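Student: Could you walk me through this one? I'm new to it, so let's go question by question.

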Amino acid sequence: SIRASANKWDGRVVVVRKALSSSVDGSAKLVYYPGRNGQATLARIHDHCGEGCVERAGVPRVSLDASWPALRPGVMDIMKLSVNGEELNTIRGARALLSRRQVCVVMMHVRKIQQGWRDPQGGTPGQEKYTAELWQLLRGGDMDVALHLDSDLTGQIGDEDPRPRPKTVALNTAEELNAIFEAPAFAHDYVVARQKVRGNSPCSGSVAVKNYDLLFGSTV
């Protein structure tokens with residue numbers, strides 16, 4: 001196995017055995033396939049747990065607003081989410097951090113957002129309302145939002161998607177964001193957001209913000 005010391009992360013990685021959500025109330029029932037990068041999905045969203053799938057009930061919920069200040073005082077340089085459909089709830093749980101301009105960059109897989117966007121029991125009556133709330137939370141945090149099509153270095157896309165890669169396209173409305181969720185998505189499609197740095201913004205010294213244009217292009 002790869003040790004944390006190989007990339008100098010010794011003492012810098014904290015594993016929290018909880019499920020990211022909108023609050024600290026209650027618990028979650030998760031399903032996962034051992035050996036697949038440790039990823040788990042809400043049982044409500046992934047309701048066809050078959051051979052090799054493991055269920056785990058009673059997993060405590062936690063929000064970023066409740067957990068981040070205790071773990072890492074200061075700004076969150078990058079919020080990279082891979083929560084398999086719980087993106088909106090996780091962003092809801094970071095409302096205070098976003099409102100205080102404490103989140104510098106956000107990165108989410110389009111395909112994984114779609115899992116929650118399509119979820120008929122996700123607590124939002126309609127996909128457009130889901131998108132509108134996600135958009136408002138990001139924009140309310142004074143963030144620019146974009147679609148990033150990353151290079152297909154793993155060969156997972158091939159000729160299925162004719163769009164050029166890498167490419168970043170600025171999004172200006174919730175309707176444009178919703179159109180992305182309505183369309184087919186591919187392995188390296190991301191929604192990315194960047195804090196607008198002004199004056200003495202908390203993210204003014206963020207390495208992530210400084211390198212945003214290098215990583216995602218200068219369209220935004």
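Student: How do E5 and E6 run, parallel or antiparallel?

Tutor: A quick note before that: this is a predicted model, where local features need pLDDT of at least 70, side-chain atom pairs count only at pLDDT 80 or more, and totals for chains, interfaces and linings use all residues. Residues are numbered from 1 along each chain as its sequence is written, and side-chain values use heavy atoms, with hydrogens and water left out. Strands here are DSSP runs of E with at least two residues, and helices are runs of H or I with at least four, numbered from the N terminus; two strands pair if DSSP finds at least two bridges between them. E5 and E6 are joined by five bridges, and they run parallel.

Student: And which residue in E6 stands opposite Leu 81?

Tutor: Leu 81 belongs to the stretch 76-81, which is strand E5, an edge strand. Opposite Leu 81 in E6 stands Met 108.

Student: What is the order of the five strands in the open sheet?

Tutor: Pairing in this sheet is mixed. E5 and E8 (167-171) are the edge strands, each pairing on one side only. E6 (residues 103-109) and E9 (residues 189-195) run antiparallel, joined by five bridges. The order is E5-E6-E9-E7-E8.

Student: Why is E6 said to be largely enclosed by the rest of the structure?

Tutor: Buried means under 20% relative accessible area, exposed means over 50%, and partly exposed is in between, using a 1.4 Å probe and protein chains only. E6 is largely enclosed because, of its seven residues, the number buried is seven.

Student: Which residues have the most contacts inside the largest nonpolar core?

Tutor: A nonpolar core is a set of buried Ala, Val, Leu, Ile, Met, Phe, Trp, Tyr and Cys residues joined through side-chain atoms within 4.5 Å. This one has 34 residues, and its largest share, five residues, comes from helix H5 (residues 127-140). Those with the most contacts inside it are Met 79, Ile 91, Val 106, Met 108, Leu 134, Leu 138 and Phe 181.

Student: With which side chain does Asn 89 make a polar contact at 2.6 Å?

Tutor: Asn 89 is in helix H2 (residues 87-92) and counts as buried at 15% relative accessibility. A polar contact is a pair of N or O atoms within 3.5 Å; within protein, one must be able to donate a hydrogen and the other to accept it, and residues adjacent in sequence count only if both atoms are side-chain atoms. The Asn 89 side chain makes one with the side chain of Glu 86 (3.0 Å). At 2.6 Å, the partner is the side chain of Arg 92.
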